[in-house]
Amino acid sequence: MTATTELPAPIGIHHDAPSARDIEDLVREHMPMVGHLVRELLNRVPGHVHSDDLSSAGFAALLGAARNFDVSRGIPFHRFAAVRIRGALLDELRGQDWASRSVRARARKTAQARQELTAALGRTPSEAEVAEMLGIGVAELASVEDDVQKAALLSLQGFPTGAAEEMVPELSEGPEDLLIKRERLGYLHQAIQALPERLRLVVTQSFLQEQPLSEVAAELGVTESRISQLRTEALRLLREGLNSSLAPELLTVAAGGPRTRKGCQHRRRNEYFARVAEQGNLRTRLALTDEHGVPIAFAA
């Protein structure tokens with residue numbers, strides 16, 4: 001099969017630096033890739049890592065990749081930029097080792113005290129004995145160790161060999177795996193479009209557009225608590241809608257006759273399943289992602 005270029009026109013060739021317009025076009029076209037890689041990484045790191053910090057590093061790397069891209073090397077821009085972005089995300093994680101020098105110094109003193117007491121006592125010392133040797137209280141000792149453990153979450157010295165790099169893997173999916181992934185993303189988009197209007201609005205604004213719940217609640221004229229309930233309802237319906245097309249064996253069976261509350265819920269659920277199935281076909285689902293599986297756009 002003949003390889004196709006990802007660029008609408010050759011830019012960055014040998015002697016000609018890419019123009020500002022070329023750079024802007026590349027950045028705009030591949031901005032969703034940064035969000036995709038950041039979300040992928042957030043699933044592998046502690047909860048206190050902020051997406052904003054990672055996104056900033058990713059967008060800076062994307063801009064740098066656009067400025068330095070040379071199409072004559074024969075490397076598609078998507079792959080060239082992905083390597084740069086993953087490297088920038090990993091560097092950002094390295095830089096988020098927030099342990100101060102004082103925390104490190106106290107950690108070394110604590111470790112040294114434990115070693116000396118172990119040698120002197122011939123056994124593992126208690127927390128009270130370690131605290132007494134350091135001249136601090138047991139609660140303060142626990143605080144020091146807690147600080148060190150938190151810092152180790154993002155310190156490369158706290159990971160086994162290669163573990164940090166595995167958090168931002170360079171995965172090359174096979175054609176079949178990529179096709180399945182793209183089809184599932186297409187089903188997800190169509191399942192969102194098939195949701196009742198209010199649930200669809202909550203999902204698109206709170207998840208896809210990342211609006212605060214307070215803003216979504218204000219737009220709909222309800223409380224944040226109600227928005228939370230609607231999100232839960234929408235996610236449950238989305239999960240079942242996807243299962244109805246991709247894994248029917250996972251669907252739950254609703255009890256009750258057609259005139260009961262459960263019976264009405266069962267009827268509405270089946271109507272939703274039908275809307276999901278009628279939303280499109282394989283061609284329209286695959287059209288929602290590019291050849292690398294990156295979402296092109298999710299309509300609100």
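I sort residues first: Ala, Val, Leu, Ile, Met, Phe, Trp, Tyr, Cys and Pro count as nonpolar, Asp, Glu, Lys and Arg as charged, and the others, Gly among them, as polar.

The model is predicted, so I note that local features need pLDDT of at least 70, side-chain atom pairs count only at pLDDT 80 or more, and totals for chains, interfaces and linings use all residues. Numbering runs from 1 along each chain as its sequence is written, and side-chain values use heavy atoms, with hydrogens and water left out.

**Cavity**

I looked for enclosed space (on a 1 Å grid over the protein atoms alone, points where a 1.4 Å probe fits but cannot get out). I found one cavity of 30 Å³ or more, and the largest has a volume of about 40 Å³, the space filled by probe spheres set on the points. Its lining (residues with an atom within 4 Å of a point) consists of Asn68, Phe69, Asp70, Arg73, Ile75 and Phe80. I class three of these as nonpolar, one as polar and two as charged.

**Helices α9 and α10**

Next I checked α9 (residues 197-208) against α10 (residues 213-220): the angle is about 150° and the axes lie 10 Å apart. That makes the pair roughly antiparallel (over 145 degrees). In contact (heavy atoms within 4.5 Å) are Arg198, Leu201, Val202, Gln205 and Ser206 of α9 with Leu213, Val216, Glu219 and Leu220 of α10. I get five nonpolar, two polar and two charged residues there.

**Helices α10 and α11**

I then turned to α11 (residues 224-246), which packs on α10 at about 95°, axes 8 Å apart. That makes these two roughly perpendicular (65 to 115 degrees). Leu213, Ser214, Val216, Ala217 and Leu220 of α10 meet Glu224, Ile227 and Arg231 of α11.

Methods. Axes are lines fitted to C-alpha atoms, for helices over the stretch in contact, and angles run from 0 to 180 degrees between N-to-C directions. Helices (H or I, at least four residues) and strands (E, at least two) are DSSP runs, numbered from the N terminus. Angles under 35 degrees count as roughly parallel, over 145 as roughly antiparallel, 65 to 115 as roughly perpendicular and the rest as oblique. On a 1 Å grid over the protein atoms alone, a cavity is a set of points where a 1.4 Å probe fits but cannot get out, and a pocket is an open set with protein on both sides within 12 Å along at least five of seven lines; lining residues have an atom within 4 Å of a point.
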